[in-house]
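Colleague: I would like to go through this model with you. Could we begin with the aromatic residues and then move on to the strands and the pocket?

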Amino acid sequence: MSETNHDATIQTERIEDKFIIDKDKLDYVRGVVEKHLPAYSHEPNTDYVINRSIYFDSPHLTFLKQHLNGVGERRKIRIRTYAPNGVPNHIYFIEIKSKDNGESEKTRVQLSESGFNYVMNHYQIAIDEDLYITNDELDKDDVTKHANIINYLLTLNKATPVVDINYKRFAFQKSESYRVTMDEDIKFRPLRMIPLNVIQDLRSNDLWNDIEDYKDKFDNDKNFLLECKYQKEYEPWFKVLLQ
């Protein structure tokens, strides 16, 4: 993504379904999707994008536990940056992704590189002139509002960076209302040590096996992740593909 200030603060409501599929089917799935949806990227002549996501969580991993327990209303906080065709563009977004009984909503603001470094060191967005310049195509009040919402959730949960995830993404969409992506080569790097008492708490709440299951599914070069984001229902061709 570049020159994307107009897209720096968005609120979308979509349903998201994910499927883990054998990697030897990637070319076939991609070929089918390409027949029905145009390739999507903010950068011209982009075949794929390396996505980097840095996830924040509380000292007790509140957001992870909400996810593992299938809580209907849950949140996550992350920073995202992109490398079209593997070349970093040094554009950063910090966002809250909210899920309410299957429907997703995303609120985000764009950060400069110095703004990114500030968040990584202070766990807050610096609401200053640099932030307004970085989001100069947006109303200043909207930038302030969304930054304050994100800062509030960071403060409330004492959230700090937990894990850094990278993956190669092929994206296709007609509009924000219908989007299909394929992610491969998923890699992750822990950013902080998890205390023993937090691990014991996960074990005592029968969540540790779920974590190991996720590791087996995603830390596997034999699989890729297919995701469909939609508002009402699958398009007919996608139903056939899943079958």
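Modeller: Certainly. A search of the whole structure, which is a predicted model, finds 7 aromatic pairs.

Colleague: What is the geometry of the pair Trp237 and Phe238?

Modeller: The ring centres of Trp237 and Phe238 are 5.6 Å apart and the planes meet at 90°. The pair counts as edge-to-face because the angle is over 60 degrees.

Colleague: Are Trp237 and Phe238 buried or exposed?

Modeller: Both Trp237 and Phe238 are buried.

Colleague: Which residues form the aromatic cluster with Trp237 and Phe238?

Modeller: Phe19, Tyr230 and Tyr234 join Trp237 and Phe238 in one aromatic cluster.

Colleague: And charges over rings: where does the charged end of Arg108 sit?

Modeller: The charged end of Arg108 is placed over the ring of Phe93, 4.1 Å from the ring centre. In addition, Lys140 lies over the face of Tyr132, at 4.7 Å from the centre of that ring.

Colleague: Now the strands. How many residues of β2 are buried?

Modeller: Strand β2 spans residues 49-57, and 7 of its 9 residues are buried, which leaves the strand mostly covered.

Colleague: Which sense does the pairing of β2 with β3 have, parallel or antiparallel?

Modeller: β2 and β3 (residues 73-84) run antiparallel and are joined by 8 bridges. Within this pairing, Asn51 has Tyr82 of β3 as its bridge partner.

Colleague: What about β2 and β6?

Modeller: β2 also pairs with β6 (residues 160-175), in the antiparallel sense, over 9 bridges. Here Phe56 has Pro161 of β6 as its bridge partner.

Colleague: Following β6 onward, how many bridges does it share with β7?

Modeller: There are 11 bridges between β6 and β7 (residues 178-190), again in an antiparallel pairing. Asp164 is partnered with Arg189 of β7. The two strands, β6 and β7, make a hairpin with 2 residues between them.

Colleague: Let us change topic. What volume does the largest pocket have?

Modeller: Its volume is about 1700 Å³. The lining of this pocket comprises 45 residues, and those closest to the centre are Tyr55, Leu64, Val163, Ile165 and Tyr214.

Colleague: Which element supplies the largest share of that lining?

Modeller: Helix α7 (residues 208-218) does, with 6 residues.

Colleague: And what is the make-up of the lining by class?

Modeller: The lining of the largest pocket has 24 nonpolar, 17 charged and 4 polar residues.

Terms used: Residues are numbered from 1 along each chain as its sequence is written. This is a predicted model: local features need pLDDT of at least 70, side-chain atom pairs count only at pLDDT 80 or more; totals for chains, interfaces and linings use all residues. Side-chain values use heavy atoms; hydrogens and water are left out. Rings of Phe, Tyr and Trp (its six-membered ring) pair if their centres lie within 6.5 Å; planes under 30 degrees apart count as stacked, over 60 as edge-to-face and the rest as tilted. Buried means under 20% relative accessible area, exposed over 50%, partly exposed in between (1.4 Å probe, protein chains only). A charge sits over a ring if NZ of Lys or CZ of Arg is within 6 Å of the ring centre and within 35 degrees of the ring normal. Helices (H or I, at least four residues) and strands (E, at least two) are DSSP runs, numbered from the N terminus. Two strands pair if DSSP finds at least two bridges between them. On a 1 Å grid over the protein atoms alone, a cavity is a set of points where a 1.4 Å probe fits but cannot get out, and a pocket is an open set with protein on both sides within 12 Å along at least five of seven lines; lining residues have an atom within 4 Å of a point. Grid points are joined across faces, edges and corners, and a volume is the space filled by probe spheres set on the points. Ala, Val, Leu, Ile, Met, Phe, Trp, Tyr, Cys and Pro count as nonpolar, Asp, Glu, Lys and Arg as charged, and the others, Gly among them, as polar.
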